Amino acid sequence: MSPQARRDDLIRAALDLFGSRAPELVTVDDIVGRAEVSRPLFYRYFSSLRELQVEALRTVTVGLIDGLAGLEEGPPEARLRAAVRGLIDVADHYRAGYIALLRSGSVIATSETDAAIDEVRNRAVALILDALAVEDPSPLLSLTLRCWTAVVEGALLSWLQERTVPREHLDTWLVDQLTAMLDATAAHEVAPKP
């Protein structure tokens, strides 16, 4: 196995474990057991457990960004619904990792993971602006889209922990939330001066 493939295999093992428990509860022994490698081999690729945790969480954010980037063409609402479904899928697949990534006060949160989260948020806003064919958003529209990304994150965190809303209704409800927020914003926008 090439060095990059081995490194990716260790990250995959960690992410598999994050699917069932919080990243801070996963040990080096858990990871090497899952990857079927030795501890010395683990430390050949990662200087510490912390380094692997950050790399694994970065993989989650890359998955979120890739999911947003690979959307098919179509009407804005269909593209947005597909984007939200993609976010739900990735968040659900990496449940514990996603929760740890966004949970305030996570012991593995770093400035690097915070920057990765901001990258996902920025991509989501850019996707919506592109779908709406808006190149120069007003300050109120920008604020609305940033607020909606916070709604999505909060809703996904709650849904992942409680599962009180059926999955098949979650994306529709979140898109409807954005539609309502955009309608409210449009009602408050000041008409440009001639």
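Helices (H or I, at least four residues) and strands (E, at least two) are DSSP runs, numbered from the N terminus. With that in hand, welcome to a predicted model, in which local features need pLDDT of at least 70, side-chain atom pairs count only at pLDDT 80 or more, and totals for chains, interfaces and linings use all residues. Residues are numbered from 1 along each chain as its sequence is written, and side-chain values use heavy atoms, with hydrogens and water left out.

**The annotated region and glutamate 36**

- UniProt, in an unreviewed entry, lists residues 27-46 as "DNA-binding region"; its positions are given in the numbering used here, feature names are shortened, and annotations may be inferred rather than shown by experiment.
- Residues 27-46 are 75% helix and 0% strand, and the C-alpha atoms at the two ends are 13 Å apart.
- Glutamate 36 sits in the loop between α2 (28-35) and α3 (39-45).
- Glutamate 36 counts as exposed because its relative accessible area is 72% (buried means under 20%, exposed over 50%, partly exposed in between, with a 1.4 Å probe and protein chains only).
- Most residues other than glycine have a negative phi. Glutamate 36, however, has a positive phi, near 55 degrees.

**Helix α8 and the loop after it**

- Helix α8 covers residues 139-162.
- How far apart are the end C-alpha atoms of α8? They are 34 Å apart, which agrees with the 34 Å that its 24 residues should span at 1.5 Å a residue; the expected span is 1.5 Å times one less than the number of residues.
- Many α8 residues are buried, including Leu141, Leu145, Trp148, Val152 and Trp159.
- An α-helix has 3.6 residues a turn, so residues three or four places apart point the same way.
- Just after α8, arginine 163 takes a positive phi of about 55 degrees. Arginine 163 lies in the loop between α8 and α9, and it is partly exposed because its relative accessibility is 39%.
- Valine 165 is found in that loop too, between α8 and α9 (167-188). Its relative accessibility is 37%, so valine 165 counts as partly exposed.
- Beyond its neighbours within four places in sequence, valine 165 is in contact with Trp159 and Leu170 (contact means heavy atoms within 4.5 Å).
- The C-alpha atoms of valine 165 and alanine 155 are 10.0 Å apart, with their positions 10 residues apart along the chain.

**Arginine 81 in α5**

- Arginine 81 belongs to helix α5 (residues 76-93).
- Is arginine 81 buried or exposed? Its relative accessible area is 15%, so it is buried.
- Not counting residues up to four places away in sequence, arginine 81 touches Asp171, Thr172 and Val175.

**Empty space inside**

- A search of the whole structure finds 2 cavities of 30 Å³ or more. On a 1 Å grid over the protein atoms alone, a cavity is a set of points where a 1.4 Å probe fits but cannot get out, and lining residues have an atom within 4 Å of a point.
- The largest cavity has a volume of about 170 Å³, where volume is the space filled by probe spheres set on the points, and points are joined across faces, edges and corners.
- Its lining has 15 residues, and Leu64, Leu87, Tyr98, Val120 and Glu153 lie nearest the centre.
- The elements giving two or more residues to this lining are α4 (49-69), α6 (95-102), α7 (111-131) and α8. Helix α8 gives the most, with 5 residues.
- By class, the lining has 11 nonpolar, 2 polar and 2 charged residues (Ala, Val, Leu, Ile, Met, Phe, Trp, Tyr, Cys and Pro count as nonpolar, Asp, Glu, Lys and Arg as charged, and the others, Gly among them, as polar).

Terms used. On a 1 Å grid over the protein atoms alone, a cavity is a set of points where a 1.4 Å probe fits but cannot get out, and a pocket is an open set with protein on both sides within 12 Å along at least five of seven lines; lining residues have an atom within 4 Å of a point.
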